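This report covers the pockets, the cavities, one helix and the salt bridges of a protein model. The sequence and structure are shown first.

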Amino acid sequence: MVKNKALWWFSFVLLGTVSAPASGQQPAARLELIPPSPVTDKIVLDIRGAVENNANSERRYTLSLYLERESRTALLHSEKVKIAAHSNVGIYYRHSTESWTGQHRIILVAASGSEKVRATRDVEVLSSKVRSTRTIDGAWVGIAHWSDEEGRHWNSTIRKLTEADWRQQIYGMHDIGMDTVVIQESFRNQEYYGRNTISHTGFKGLAYYPSELFGGRAQITAHDPLEAILSEADRLQMNVFLGVGMYAWFDFSAPSLEWHKKVAAELWRRYGHHPSFYGWYVSEETYGSLIPDEGASAKQRYRKEVIAFFREFQAFARRLAPEKPIMLAPNAHGMMLSQDVWPLVLEHLDIVCPFAFHRMPEGDITGEQSAAIWQAMCDKAGAHLWMDMEAFLFEDNVALVPRPIAGLIQDLQRFPNFEKILCYQYPGIFNSPTTKVQPGGAPTVVLYKDYQNYLETVRPSQKPNGERVPVQ
């Protein structure tokens, strides 16, 4: 990130050529924008591309990035590279959005001799006084919730959703602008860091998709809900993070790292061809304090494991797909105990998406103070700061129920510095009135309609003269 956003700037970094273990079904050229559209004119847009050489010999490429059209005047940057046979190369390019208000198209062209491959992404830049769009730009999607007690009102219904039902859930998200989907996890395994014996007894988790790595399947109706979600997101031009987890809650040990690599490779082979496949979400979460349940005596060991995990996992993930970001969602608590350590993690983490700013523990700093610490750390590390906004309340201190719209609006107004705001979660908390199966029932439809009404008050709308109403 840059501190002086009044200046246009860019940095273009070519990753070293790497071996790509993908199956060849993935597009030869790919492009991602971090954050995805829409964004405000108060951010630095991170443009990431990847090019695959599927030939049997090394090839030379000219990689060019354009704004709007392929012409010399529209050229943002160009580089000449060599890509080994069956390998890939990735590019990073950053540019302030300050003077980009309006609709734009970013184009990546990879030329080798007379052959060219292209990838494009559209972005809408909104005029704004703050970094945030002050809208909920996406949501978590749990194929089933980890706790039947917390999911008391909807978990049994979600387990029965068919592929068609999952497509309806995704369409409901899209209809209110929640165009970024975070699949909570690809496996269900209720284990915890420091209390599991997985490295000795083996992984016994249950898959939410037809995994060839592990035979156990979760008890759900849909054969492959991940495929249903991705294919519907393709159709609607949405963005999907695939959840790499659950190995064990808060566990970033060496065995967990190796498990995550294997699962990520399988997910890439199965689903890497989907245009909506946006990035990786590490499901395990962690405390903002970076102190494990074992207490302060174990914090040094734990912190070393977290740093090593993301250093190694990022390197591996970039060999698979250099352009795909990695995201983690810790809580926002205890930041006075860890602000000197998180920058070391954020060097190898593309997006951090903390939660629970509105319910800071007694004796902790305020949510606003925590958000400021997170922003300063991300600026230092060049990472992206998004928000995981809780769209639920606890009924009887246990069951999750929809949070009244006033609380959501309060968070959207209180925390204006986040590039993107996602919420936990959509299934069981929101439902379009047109959705056939509505996990969570009538209260979820009420929240959906209430948010829809809020959105109409802040969403930029087209004026007769073609100008757009700025975000306040």
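## Packing of helix 10

Which elements do the buried residues of helix 10 pack against? The model is a predicted one, and in it these residues pack against helix 2, strand 22 (399-402) and helix 9 (405-414). The residues concerned are T444, V445, L447, Y448, Y451, Y454 and L455. An α-helix has 3.6 residues a turn, so residues three or four places apart point the same way.

Helix 10 covers residues 442-458, 17 residues in total. At 1.5 Å a residue a span of 24 Å is expected, and the C-alpha atoms at the two ends of helix 10 lie 25 Å apart, which agrees.

## The largest pocket

The volume of the largest pocket is about 1000 Å³. Its lining consists of 45 residues, and those nearest the centre are S37, D122, D179, Q237 and N239. Several elements give two or more residues to this lining: strand 3 (29-34), strand 9 (102-112), strand 10 (115-126), helix 2 (163-175), helix 4 (225-236) and strand 16 (277-282). Strand 10 supplies the largest share, seven residues.

Sorted by class, the lining of the largest pocket has 20 nonpolar, twelve polar and 13 charged residues. Helix 2 appears here as a contributor to the lining and also among the elements that the buried residues of helix 10 pack against.

## The second largest pocket

The second largest pocket holds about 470 Å³ of space. It is lined by 22 residues, with W146, E150, E285, F355 and R359 nearest its centre. Strand 20 (387-390) and strand 21 (392-395) are the elements that give two or more residues to this lining.

What is the make-up of the lining of the second largest pocket by class? Twelve residues are nonpolar, five are polar and five are charged.

## Enclosed cavities

Rolling a probe the size of a water molecule over the atoms shows where empty space is left. How many cavities of 30 Å³ or more does the structure hold? There are two.

The largest cavity contains about 40 Å³ of space. A144, H145, W146, Q184, E185, R188, W249 and Y424 line it, and they divide into four nonpolar, two polar and two charged residues. W146 thus belongs to the lining of the largest cavity and is also one of the residues nearest the centre of the second largest pocket. The second largest cavity has a volume of about 30 Å³. Its lining is made of Y192, Y193, R195, F250, P292 and D293; four of these are nonpolar, none is polar and two are charged.

## Salt bridges

Side chains of opposite charge can pair when their charged atoms come close. The count for this model is 27 salt bridges. In one of them R94 pairs with D46, with 3.2 Å between the closest N and O atoms. R94 is in strand 8 (residues 87-96) and D46 in strand 5 (residues 44-53), so this salt bridge ties together parts 48 residues apart in sequence. Buried means under 20% relative accessible area. R94, at 12%, therefore counts as buried, and so does D46, at 1%.

R118 and E70 form another salt bridge, at 2.6 Å from N to O. R118 lies in strand 10, while E70 sits in the loop between strand 6 (59-67) and strand 7 (75-83), so the pair ties together parts that are 48 residues apart in sequence. Are these two side chains buried or partly exposed? R118 is partly exposed, with a relative accessible area of 44%, and E70 is partly exposed at 37%.

## A long-range pair and a network

D137 and K420 also form a salt bridge, their closest N and O atoms being 3.8 Å apart. This pair links distant parts of the chain, 283 residues apart: D137 is in the loop between strand 10 and strand 11 (138-141), and K420 is in the loop between helix 9 and strand 23 (421-424). D137 is buried, with a relative accessible area of 4%, and K420 is buried at 1%.

Salt bridges with shared partners also join R30, E32, E52, R121, E323 and K324 into one network.

Notes. Residues numbered from 1 in each chain as written. Predicted model: local features only at pLDDT ≥ 70, side-chain atom pairs only at ≥ 80, totals over all residues. Heavy atoms only, no water. 1 Å grid on protein atoms, 1.4 Å probe; cavity = no way out; pocket = protein on both sides within 12 Å on 5 of 7 lines; lining within 4 Å. Points joined across faces, edges and corners; volume = space filled by probe spheres on them. Helix = DSSP H or I, 4+ residues; strand = E, 2+ residues; numbered from the N terminus. Nonpolar A, V, L, I, M, F, W, Y, C, P; charged D, E, K, R; others polar. Expected span 1.5 Å × (residues − 1). Buried < 20%, exposed > 50% of the residue type's maximum accessible area, 1.4 Å probe, protein only. Contact = heavy atoms within 4.5 Å. Salt bridge = Lys/Arg side-chain N within 4 Å of Asp/Glu carboxyl O.
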